[in-house]
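Thanks for coming, everyone. Let me put the structure up and walk through a few parts of it.

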Amino acid sequence: MYKYFSSRALRWMQTMTFAIQEINKRSDLLPQLKLGFHIRDSCDDIPVSLRASLLLVNGQPERSSRAESVKGDNETEKKDGFNSGCSAVQTTVSSVIIGDAASGVSMALLRTLGSFHIPLVSYFASCSCLSNQKEFPTFMRTMPSDAFQIRALARLVSYFGWTWVGVIGVESDYARFAIELFLQESVQYGVCAAYTHFYPVTLNQQALDELLDIIQMASSKVIINFSGESELQGILAEIRRRNVTGLQWIASEAWATAKSLWAKFGDLLTGTLGFAIRRADVIPELKEHLTNLKPSSIHKSAFLAEFWEELFHCRLNESVNSHSHKGDNYFDRLPCKGTEDLNDVYSPYSDVTQLRVSYNVYKAVYLVAHALHDMSNCKAGLGPFLNDTCADPKNFKPWQLIYYMKRAKFSALGEKINFDQNGDPIASYDLINWQKNPDGSLYLVKVGFYDASSPAGRSLVIKDSVIQWPVGKQASRSVCSDSCPPGFRIARRKGEPICCFDCVPCTEGEISNKTDSLECLRCSEESWPNNLRDHCIPKAIEFLSYHEVMGIVLCVISVLGACTSLSILAIFLTYKDTPLVRANNMELSFLLLVFLAVCFLVGLLFIGEPSDWLCRIRYPAFGISFALCISCLLAKTLVVLMAFRSTLPGNNVMKWFGPDQQRASVLLGTCIQVLICLIWMLTYPPYANNNTNYHSAIIIMECAAGSEVGFWCVLGYIGFLACMCFLMAFLARKLPDNFNEAKFITFSMLIFFAVWITFIPVYVSTAGKYTEAIHIFAILASAFALLFCIFAPKCYIIILKPEKNSKKNMMQR
């Protein structure tokens with residue numbers, strides 16, 4: 001017993017008869033020929049289809065209530081309607097078969113009929129496997145290949161950000177090839193299958209439980225289903241029984257416009273999206289052809305009789321139908337009244353608002369007609385076959401017909417129809433959204449389209465604003481892992497699909513400026529990531545500036561120190577004739593004060609933006625100025641030592657250490673430092689350097705020493721002079737206090753050593769403006785130590801204790 005009667009399939013069959021009648025009425029297409037047809041019910045079953053197709057191609061008779069025929073005018077019998085298949089004997093061989101709707105059945109037919117070379121034109125078989133012309137050379141279709149639909153589906157789920165989808169399908173070649181293609185195509189769009197599952201055509205409770213368990217356990221709420229409407233009914237019923245909600249269905253073209261599902265499962269299917277094959281807005285007069293049926297004229301047609309009796313739940317007199325699909329006893333039904341009218345009830349059979357598969361049937365008939373027409377127009381001697389012969393339109397071979405079919409180009413309802421080398425039409429789909437009307441009925445809304453002939457970037461167009469979703473107003477989220485925002489990169493999880501990953505922050509110095517970056521990009525040497533690490537920004541430039549607090553403070557102290565030195569010099573010049581000034585080697589004191597003022601001002605060279613010329617001035621200026629100061633101190637200490645030694649009887653050493661010799665010693669001590677600096681500047685001088693190694697986010701503008709040996713030689717020579725000075729002062733520490741500066745020089749040298757010994761490790765361990773600040777601090781601290789330790793006691797006496805500034809006091813022991 002047949003368990004399912006398809007009103008849609010009956011409309012497809014009636015569309016074929018309508019197209020044949022329409023062609024037979026035309027005078028511009030096949031004027032010398034008339035088309036006839038045989039109709040067999042395949043029951044969507046391979047054995048039944050094979051038996052029926054073999055009968056068609058062999059011309060063997062069949063007695064069946066499921067077979068009907070009409071012959072064209074060129075045959076022995078002409079009829080306008082159907083005849084009863086019960087007693088008719090069919091002996092005419094069919095030259096072309098239009099069908100089957102199912103891909104699996106079509107494949108079986110092609111493998112069986114291959115030796116006959118019978119062309120097979122399918123109006124609904126979409127499996128990409130059928131495009132293999134080496135295996136199926138006689139196959140053509142008006143239905144686009146699944147290869148295009150799968151590409152469109154992958155683009156669709158990627159468009160809405162659904163990277164984690166469930167994929168299910170019925171156990172068939174159609175679903176297996178489609179799912180395999182989807183898994184391959186989706187990779188390039190970053191879409192993964194949370195699960196793939198095949199279920200049998202006949203769904204039992206065990207199969208349903210297995211499928212529903214998978215759906216409920218998975219985190220994905222988006223399901224792509226490759227099946228027909230009949231298989232989906234059982235699944236939806238189980239989903240309702242388990243109260244599973246929030247699913248976003250993606251329909252394959254096989255059920256994208258199956259309105260029959262809405263009556264029972266509209267609440268579960270609201271928001272469904274799917275690609276439907278191109279729709280014909282209208283096929284003129286088809287509606288009238290479909291609805292112009294009366295009980296008196298259809299009771300002998302098995303297909304129409306079964307449809308009529310099922311639709312109106314009655315029984316036709318003398319009907320050839322004996323099948324019931326609603327669980328009742330057929331023979332208990334009341335007879336049909338004869339007043340039933342298809343216009344009074346809704347049926348998918350008479351619904352012409354979604355002429356998609358019907359349009360494919362219409363085009364398939366016209367494909368055969370135009371191929372025959374082209375065959376009829378062949379001119380003798382210019383034919384495409386052996387010896388330039390033509391085929392006889394009234395007695396041709398099937399392989400001759402397929403030749404013309406594959407080259408056919410024609411128009412149907414304003415659309416230009418042609419085929420590629422695989423016998424496939426150019427793919428074009430409407431994106432359909434299942435929406436609920438206020439009255440509860442289904443409204444199939446076109447919310448976009450996919451055109452395979454358009455450039456890749458414009459092939460898919462979607463109108464988001466008109467889509468109705470299953471839950472709320474926005475598309476459901478269906479991802480294994482949330483997208484990685486800018487500033488992060490994707491880290492794949494070992495052993496899991498590519499859609500499952502962790503988000504890892506970009507490492508120091510790297511950014512990612514887009515969502516779901518696979519790698520982070522390293523910033524240039526002059527730039528650095530911002531806090532979010534989503535773009536590079538120019539690095540901060542650091543140097544000791546006159547405009548910052550630390551620079552201003554050091555600048556003020558340097559100037560203050562220089563002014564203090566010059567002020568003390570002014571005091572000494574004013575009181576130059578006093579015993580205290582004269583007794584402490586006035587000339588060297590004056591020179592020392594001038595050189596100390598220079599030392600204070602040298603600190604200013606370490607402030608400001610470094611440049612090559614500034615770097616080559618600051619280090620020699622620092623080294624030479626301190627060499628001058630300490631040389632003066634060394635000379636002063638030697639004078640003290642020599643002065644007291646010359647007081648011994650017979651010792652006349654002071655004549656060898658007069659003013660000229662003192663100046664010469666200062667000059668000699670300084671010249672050695674000048675020579676060191678000169679060699680340094682000529683070999684590997686200091687230079688301005690942008691240092692990015694110490695702190696990656698900052699460009700430190702600094703003066704590189706150039707030759708480290710040169711720098712440490714300058715510093716070392718100053719240390720050598722300081723050691724000599726300290727040694728001399730230490731030897732003179734017990735000389736008479738009133739004439740002796742030795743203890744003050746000794747104390748100043750101790751501070752000098754403390755400052756510079758502390759300076760060395762700090763200088764080596766820091767960088768940037770803090771290095772320069774430490775250097776300035778060391779200069780200022782050591783200069784102030786010399787200034788105050790040596791001259792502060794003298795200024796105290798000169799200004800505050802003038803009574804002590806006398807020769808008598810100076811001569812006291």
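Is cysteine 43 buried, partly exposed or exposed? Partly exposed, because its relative accessibility is 25%, and the buried class stops under 20%. Keep in mind that this is a predicted model.

Let me start with the strands. Take S9, residues 248–251. Gln248 and Ile250 point one way from that strand. Trp249 and Ala251 point the other way. All of them are buried. That fits the general pattern: in a regular strand, side chains alternate between the two faces of the sheet.

Now the neighbours of S9. On S8, residues 222–226, the pairing with S9 is parallel and runs over four bridges. One contact to look at there: valine 222 has glutamine 248 of S9 as its bridge partner. So which helix goes with these two strands in a β-α-β unit? Helix H7, residues 229–242. Together, S8, H7 and S9 make a right-handed unit.

S9 also pairs with S10, residues 273–277. That pairing is parallel too, over two bridges. Here, isoleucine 250 stands opposite leucine 273 in S10. Note that glutamine 248 and isoleucine 250, the two residues with these partners, point one way from S9.

Next, empty space. The idea in general: rolling a probe the size of a water molecule over the atoms shows where empty space is left. How many cavities of 30 Å³ or more are there? Three. I will stay with the largest cavity, at about 120 Å³.

Its lining has 13 residues. Nearest the centre of the largest cavity are Arg8, Arg11, Thr257, Pro348 and Gln354. By class, the lining divides into four nonpolar, four polar and five charged residues. Two helices each supply at least two of the lining residues: H1, 7–25, and H12, 357–376. Which element gives the most? H1, with three residues.

On to the disulfides. In general terms, a disulfide is a covalent bond between the sulfur atoms of two cysteines. The structure holds nine of them. I will show three.

First up, cysteine 378 and cysteine 390. A disulfide joins them, S to S 1.8 Å. The link has -65° about the S-S bond and is left-handed. Both cysteine 378 and cysteine 390 sit in the loop between H12 and H13 (398–406), twelve residues apart. Cysteine 390 counts as partly exposed, at 27% relative accessibility.

Next, cysteine 484 and cysteine 503. Here the S to S distance is 2.0 Å. What is the handedness of this disulfide? Left-handed, because the torsion about the S-S bond is about -95°. Cysteine 484 lies in the loop between S15 (460–462) and S16 (488–492), while cysteine 503 belongs to strand S17, residues 501–505. So this pair ties together parts 19 residues apart in sequence. The two ends differ in burial class. Cysteine 484 is buried, at 0% relative accessibility. Cysteine 503 is partly exposed, at 32%.

Then cysteine 523 and cysteine 536. Their sulfur atoms are 1.9 Å apart. The torsion is about -90°, so this disulfide is left-handed. Where do the two residues lie? Cysteine 523 is in the loop between S19 (521–522) and S20 (527–529), and cysteine 536 is in strand S21, residues 536–538. So the pair ties together parts that are 13 residues apart in sequence. Cysteine 523 is buried, with a relative accessible area of 10%. Cysteine 536, at 30%, counts as partly exposed.

A few more cysteines before I stop. Is cysteine 795 buried or exposed? Buried, because its relative accessible area is 12% and the limit for that class is under 20%. Cysteine 314 lies in the loop between H11 (302–312) and H12. Cysteine 314 is also buried, with a relative accessible area of 5%. How far apart are the C-alpha atoms of cysteine 314 and cysteine 336? They are separated by 5.0 Å, with the two positions 22 residues apart along the chain as the count of separation.

That is my tour. Back to the strands on screen if anyone wants another look.

Key: Residues are numbered from 1 along each chain as its sequence is written. This is a predicted model: local features need pLDDT of at least 70, side-chain atom pairs count only at pLDDT 80 or more; totals for chains, interfaces and linings use all residues. Side-chain values use heavy atoms; hydrogens and water are left out. Buried means under 20% relative accessible area, exposed over 50%, partly exposed in between (1.4 Å probe, protein chains only). Two strands pair if DSSP finds at least two bridges between them. A crossover is right-handed if, with the strands pointing away from the viewer, the path from the first strand over the helix to the second runs clockwise. On a 1 Å grid over the protein atoms alone, a cavity is a set of points where a 1.4 Å probe fits but cannot get out, and a pocket is an open set with protein on both sides within 12 Å along at least five of seven lines; lining residues have an atom within 4 Å of a point. Grid points are joined across faces, edges and corners, and a volume is the space filled by probe spheres set on the points. Ala, Val, Leu, Ile, Met, Phe, Trp, Tyr, Cys and Pro count as nonpolar, Asp, Glu, Lys and Arg as charged, and the others, Gly among them, as polar. A disulfide is a pair of cysteine sulfur atoms within 2.5 Å.
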